[in-house]
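Let's take a walk through this model together, starting with the overall layout and ending with the charged side chains. Keep the viewer open as you read.

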Amino acid sequence: MPERNGILMESTNNDRLNVLQKRLNAYYKAEEKILRSQSFSIGTKQLTRTSLAQVQAKIKELEEEIAIIKDRGTVKRRSVRVVPFE
């Protein structure tokens with residue numbers, strides 16, 4: 001659970017950023033493999049990779065999500081409205 005002082009939130013965002021970066025790197029590798037060859041054979045089996053458009057769409061999505069986390073920083077900011085009681 002995120003704490004209000006931001007310490008745990010920082011860890012959570014950094015963890016999320018690391019996971020997203022690893023996934024993005026995996027998608028970059030997949031894109032490179034697709035660009036080299038869309039289909040390939042192993043023995044007598046013919047295999048076809050997923051579509052390049054799908055991989056590139058996911059890369060764009062991950063890049064945007066990483067940018068949002070980096071722009072937002074490690075601590076979520078929130079405003080609070082105080083209403084005094086009489």
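What follows goes from the fold to the helices, then the hairpin, and last the charged pairs.

First, a reminder: this is a predicted model. The protein has 2 helices and 2 strands, and if you start at the N terminus, the order of elements is α-β-β-α. There are 86 residues, of which 16% count as buried.

Helix H1 covers residues 7–36. After it comes the hairpin, where strand S1 (residues 39–42) pairs with strand S2 (residues 45–48) in the antiparallel sense, with 4 bridges between them. If you want a handle on the register, pick Ser 39: its bridge partner in S2 is Thr 48. The hairpin has 2 residues between its strands, and Gly 43 takes a positive phi there, near 65°.

Now on to helix H2, which takes up residues 52–72. Its 21 residues reach 30 Å from the first C-alpha to the last, close to the 30 Å expected at 1.5 Å a residue. Which residues of H2 are buried? They are Val 55, Lys 58, Ile 59, Leu 62, Ile 66 and Ile 69. Because these residues cover an arc of only 105° around the axis, they sit on the same side of H2. Turn to the other side of H2 and you find Ala 53, Lys 60, Ile 68 and Asp 71, which are exposed. Notice that an isoleucine, Ile 68, is on that exposed list, while a lysine, Lys 58, is on the buried one.

Ala 53 is worth a click. This alanine belongs to helix H2 and has a relative accessible area of 54%, so it counts as exposed, the cut-off being over 50%. In sequence Ala 53 is 22 residues from Glu 31, yet in space the two are 9.4 Å apart, C-alpha to C-alpha.

That brings us to Glu 31 itself, which lies in helix H1. What is the nearest side chain of opposite charge to Glu 31? It is Arg 36, 11 Å away, and Glu 31 is buried without any salt bridge. What Glu 31 does have is a polar contact: its side chain meets the side chain of Gln 56 at 3.0 Å.

Elsewhere, charges do pair up, and the count comes to 3 salt bridges. Let's take the one between Glu 65 and Arg 16, whose closest N and O atoms are 2.5 Å apart. This pair links distant parts of the chain, with Glu 65 in helix H2 and Arg 16 in helix H1, 49 residues apart. Is each partner buried, partly exposed or exposed? Glu 65 has a relative accessibility of 25% and so counts as partly exposed. Arg 16, at 38%, also counts as partly exposed.

Another salt bridge joins Glu 32 and Arg 36, with the closest N and O atoms 2.3 Å apart. Here the partners are 4 residues apart in helix H1, so about one helical turn separates them. Glu 32 is at 41% relative accessibility and therefore partly exposed, whereas Arg 36, at 60%, counts as exposed. You have met Arg 36 already, as the nearest opposite charge to Glu 31.

Then there is the salt bridge in which the side chains of Glu 61 and Lys 58 meet, at 3.0 Å from N to O. These two are 3 residues apart in helix H2, which means that about one helical turn lies between them. Glu 61 is partly exposed, with a relative accessible area of 39%. Lys 58 has a relative accessible area of 18%, so this lysine is buried, the cut-off being under 20%. So you have a buried lysine with a salt bridge, Lys 58, and a buried glutamate without one, Glu 31.

How values were computed. Residues are numbered from 1 along each chain as its sequence is written. This is a predicted model: local features need pLDDT of at least 70, side-chain atom pairs count only at pLDDT 80 or more; totals for chains, interfaces and linings use all residues. Side-chain values use heavy atoms; hydrogens and water are left out. The expected span of a helix is 1.5 Å times one less than its number of residues. Buried means under 20% relative accessible area, exposed over 50%, partly exposed in between (1.4 Å probe, protein chains only). The arc is that of the directions from the helix axis to the C-beta atoms. Two strands pair if DSSP finds at least two bridges between them. Lys and Arg count as positive and Asp and Glu as negative; His and the chain ends are not counted. A salt bridge is a side-chain nitrogen of Lys or Arg within 4 Å of a carboxyl oxygen of Asp or Glu. A polar contact is a pair of N or O atoms within 3.5 Å; within protein, one must be able to donate a hydrogen and the other to accept it, and residues adjacent in sequence count only if both atoms are side-chain atoms.
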